[in-house]
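Trainee: I am new to this structure and would like a close look at one part of it, the place where the ligand is found. Could you take me through that part slowly, and then set it beside the next pocket?

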Amino acid sequence: MSSILRIALQKSGRLSEDSYQLFKECGIRFDYGTGKLKSVSSNFPAEFLFLRDDDIPGYVEDGVADLGIVGENVAVETARNVVTMHRLGFSKCRLSIAIPRGKAWNGISDLNGKNVATSYPRLLGKYLQEQGVSAEIHEISGSVEIAPSIGLAEAVCDIVSSGSTLLSNGLHEVETIFRSEAILVANPTLDDERQTLANKLLFRIKSVQAAKNNKYIVLNAPNEALTHITSLLPGMKSPTVTPLATEGWSSVHSVINENDFWENIEAIRAAGAEGILVIPIEKMIH
Ligand code: PRP
Ligand code: ZN
């Protein structure tokens, strides 16, 4: 195979660090943070391009890059012809309407006849239309939060993550119009070799994500409680049960989902389990 996958990542910003971390966990090594705008992986047929996030959907559509990691907010706003391959679950943020603190807010219809500054005219326009609100949208490409204080707009519509940008500009959030996270996007017409590589990468990403969502659990249980305890531990197929040296006791090994972890642990303890160990999983292949 001679193809090399070109992957566009954000040069610096909300997505950069977590994107790099994800590839690291997938065992894909490349130089990052050296100031260079391109880097070839030393152990996977991929070349990484470090770009402005807003430009990534366009580059992926045009085939300059085969894949890209971008915020869903940017992907939807730019409306380029790219395929969402996978949701990545990091860099979560929201697109919200905010107004100066201390100003009254009775609902979205307050924006009728007002000016709203945003870098997201498409998403905002769609939302206002759905709400039957007619406001003037002022598109600006950055530092949107300054608009009310310089008299450019009565409200803004911008990305909020920690909320500190709003706070330091005397604004407060009144309406969330879109929730976003990082997504992996692909050019819709990848050739077979590149599609194969993209699938290989996706498989690794899913294994890393599955591992993060699960823990390996080891515990000791009295034999009479085994049926009950193993029913609380579905595992990947079924739990592994081996006898302990102590008569009447067994060791149980399984995998437990992070989401129902605490509830399950309580039930397992109540059923008679002792010496419970919970261990992180590095990779998980289904
Ligand atoms: C957004 C937004 C704010 C900041 C809000 O910028 O424009 O500046 O994030 O984050 P906070 O709530 O944590 O303060 P973004 O990261 O999208 O930068 P960009 O427009 O340069 O891509
Ligand atoms: Zn940006």
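Mentor: Let us begin with the place itself: in this predicted model, ligand 1 sits in the largest pocket. That pocket has a volume of about 630 Å³, and its lining is made up of 32 residues, with Asp53, Asp54, Ser119, Tyr120 and Ile159 lying nearest its centre. Sorted by class, the lining of the largest pocket holds 10 nonpolar, 14 polar and 8 charged residues. Helix H3, which covers residues 72-78, is one of the elements that supply at least two residues of this lining, and S9 and H5 do so as well; H3 provides the largest share, with 4 residues.

From the pocket we can turn to the shell of residues around the ligand. Around ligand 1 are Arg14, Asp53, Asp54 and Glu145, and then the run made of Asp158, Ile159, Val160, Ser161, Ser162, Gly163, Ser164 and Thr165. By class, this shell divides into 2 nonpolar, 5 polar and 5 charged residues. Strand S9 (155-160) gives the most to the shell, namely 3 residues.

Within that shell, several contacts can be followed atom by atom. A polar side-chain atom of Asp158 lies 2.7 Å from an oxygen atom of ligand 1, and a polar side-chain atom of Ser162 is found 2.6 Å from an oxygen atom of the ligand. Ser161 takes part through its backbone, where an N or O atom lies 2.8 Å from an oxygen atom of ligand 1. As for how far the ligand is covered, ligand 1 taken alone exposes 510 Å², and the protein buries 67% of that. Looking at the elements behind the shell, those that give two or more residues to it are strand S9 (155-160) and helix H5 (164-168).

For the other pocket you asked about, the second largest one has a volume of about 210 Å³. Its lining consists of Asp18, Gln21, Leu22, Glu25, Leu88, Gly89, Phe90, Val208, Gln209, Lys212 and Asn213. Two or more of these residues come from each of helix H1 (16-25) and helix H6 (192-212), and H1 contributes the largest share, with 4 residues. By class, the lining of the second largest pocket has 4 nonpolar, 4 polar and 3 charged residues.

To hold the picture together as you turn the model, start from ligand 1 in the largest pocket, find S9 with its 3 residues in the shell, and then look across to H3, the source of the largest share of the pocket lining.

Definitions and conventions. Residues are numbered from 1 along each chain as its sequence is written. Chains are lettered from A and ligands numbered from 1 in the order in which they are written. This is a predicted model: local features need pLDDT of at least 70, side-chain atom pairs count only at pLDDT 80 or more; totals for chains, interfaces and linings use all residues. Side-chain values use heavy atoms; hydrogens and water are left out. A residue is near a molecule or strand if one of its heavy atoms lies within 4 Å of it. A polar contact is a pair of N or O atoms within 3.5 Å; within protein, one must be able to donate a hydrogen and the other to accept it, and residues adjacent in sequence count only if both atoms are side-chain atoms. Accessible areas come from the Shrake-Rupley method with a 1.4 Å probe; for residues, only the protein chains shown count as cover. On a 1 Å grid over the protein atoms alone, a cavity is a set of points where a 1.4 Å probe fits but cannot get out, and a pocket is an open set with protein on both sides within 12 Å along at least five of seven lines; lining residues have an atom within 4 Å of a point. A molecule sits in a cavity or pocket if more than half of its atoms lie within 2 Å of its grid points. Ala, Val, Leu, Ile, Met, Phe, Trp, Tyr, Cys and Pro count as nonpolar, Asp, Glu, Lys and Arg as charged, and the others, Gly among them, as polar. Grid points are joined across faces, edges and corners, and a volume is the space filled by probe spheres set on the points.
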